[in-house]
Amino acid sequence: MKRIVYILSVLFLFACNNGKIHKIEGRLSSLNNATLYVVYESSEGNVVDTLACDEKGHFVVAHEQDDNLQTVTFYYNDREQWFTVYPDAGKTIQVKGDAKYPALIEIKGGRINNKLSEFKKKAETTLKARADISDNRDGNSSSNSESTVQLANINLELKRIVQDFISENSKEEAAAVLIDACFTHPDEMEQTEVLLDLLSPELNDYYIVRNLRAQIAKAKNSMAGAKAPDFNVTNIYGQTITPDSFLNKYYILAFTALWCDMCQTDVMMLDEISAKYPNDSLEILLISLDDEMDEVRDMLRRDTIHWNLVTDSAGQAINLFEKYNVSSLPKCFLMDKDGVIKLRTTNGSELKRTIDEIMK
């Protein structure tokens, strides 16, 4: 059956006019199984298909030309790993590499793929080291702690290589691809903007650049100095909570979840803050991703603090996560009496220190 699928793909490839299709062919070693999941992403939406490699890991894709097609992403090894191809109509894209190292898979053909392969060569040692450390992590806490530090150092080195490559290739779409891959964490948007400003104005209409500019504009709405985004939610006691609920006082929005160890109120020092400052000067609103109300009520019964809490019932928490551009936990926002964001942080000590300075 695998051979039939492969032969049909080849026949389709040569039956079509070369200028009318996107063609991708490749060979992957070290595959756990022969199935590839292929996602065709365009400005019109995504199309998902499956593909079977032959016994040597060889595959061929021939996709009818679509001017809106942006990327073709191949997921493999039960969709746990992937690589992305930037198609170029009328050209054959060649893919080869070790499936264990998706970041090092060589993709040749088309300007963007060629430039990204050039980058991979420059960053090969760093990319391979990162993959090896990630693969070798186990359940040993001391080992995990050590590898976490190693990964952090490797990621810093990788970002340095990316920045150098962007500076040297400011007219290339590949530079925008690398910014999108390495510098789009919500807390790094200022750096993202600096890197985008290095790109040639010729790339302003490139879809990745447009998307990143839109993300930056959204992120600025939740950065320190911005007016806090509006909201209207109902807490677990049935009370409606809006920014007007905290008029003439400081307030904290604390994004959390019961399953997140680092998000617990004592770890984030919210217990100490709540005990030290009365509600008439500072209030705390917990926004939890939990939707299991029984677990939430058990937590509240065990706690001596009467928390003002919003859960994810009716998607309330998700909506706030979206408005405040929160992609990881924990996250706390401190607002002043005028509803302006004073601090965005993941650090309870920083939060308490800032509040203590304000409340002097």
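## A strand pairing, a nonpolar core and its aromatic rings

Strand β1 (residues 21-29) runs antiparallel to strand β4 (residues 58-64), and seven bridges join the two. The model you are looking at is predicted, with a mean pLDDT of 88 over the chain and 91% of the residues at 70 or more. Residues 1-18 are a stretch to treat with care, with pLDDT below 50. Below is a short tour by topic.

**Strands around β1**

- Within the antiparallel pairing of β1 and β4, I21 has E64 of β4 as its bridge partner.
- β1 also pairs with strand β7 (residues 92-98), here in the parallel sense and over seven bridges.
- In that parallel pairing, I24 stands opposite I93 of β7.

**The largest nonpolar core**

- This core has 32 residues, and the members that touch the most others are F119, I179, L199 and Y206.
- At least two core residues come from each of the helices α2 (111-122), α4 (141-168), α5 (173-182), α6 (189-196) and α7 (207-220).
- Helix α5 is the top contributor, giving seven residues to the core.
- L199 is a good residue to click on: leaving aside neighbours within four places in sequence, L199 is in contact with I166, S170, A175, A176, I179 and V209.

**Aromatic rings**

- Eleven aromatic pairs are found in the structure.
- One of them joins F119 and F165, whose ring centres are 5.5 Å apart; their planes meet at 70°, so this pair counts as edge-to-face.
- F119 belongs to helix α2 and F165 to helix α4, so the pair links distant parts of the chain, 46 residues apart.
- Both F119 and F165 are buried.
- A second example is F255 with Y324, a tilted pair with 6.0 Å from centre to centre and 45° between the planes.
- F255 sits in strand β11 (residues 250-256), while Y324 is in the loop between α10 (316-323) and β14 (331-335), so this pair ties together parts that lie 69 residues apart in sequence.
- F255 and Y324 are both buried as well.
- Elsewhere, F59, F74, Y76 and F83 make up one aromatic cluster.
- Y37 has a charged neighbour: the charged end of R79 sits over the Y37 ring, 4.5 Å from the ring centre.

**Where to be careful**

- Beyond near neighbours in sequence, the stretch 1-18 has 23 contacts in the model, but its pLDDT is below 50.
- Where pLDDT is low, predicted coordinates should not be read in detail.

Methods. Residues numbered from 1 in each chain as written. Predicted model: local features only at pLDDT ≥ 70, side-chain atom pairs only at ≥ 80, totals over all residues. Heavy atoms only, no water. Core = buried A, V, L, I, M, F, W, Y, C linked by side-chain atoms within 4.5 Å. Buried < 20%, exposed > 50% of the residue type's maximum accessible area, 1.4 Å probe, protein only. Helix = DSSP H or I, 4+ residues; strand = E, 2+ residues; numbered from the N terminus. Contact = heavy atoms within 4.5 Å. pLDDT = per-residue confidence, 0-100. Phe/Tyr/Trp six-rings, centres within 6.5 Å; stacked < 30°, edge-to-face > 60°. Lys NZ or Arg CZ within 6 Å of the ring centre and 35° of its normal. Pairing = 2+ DSSP bridges.
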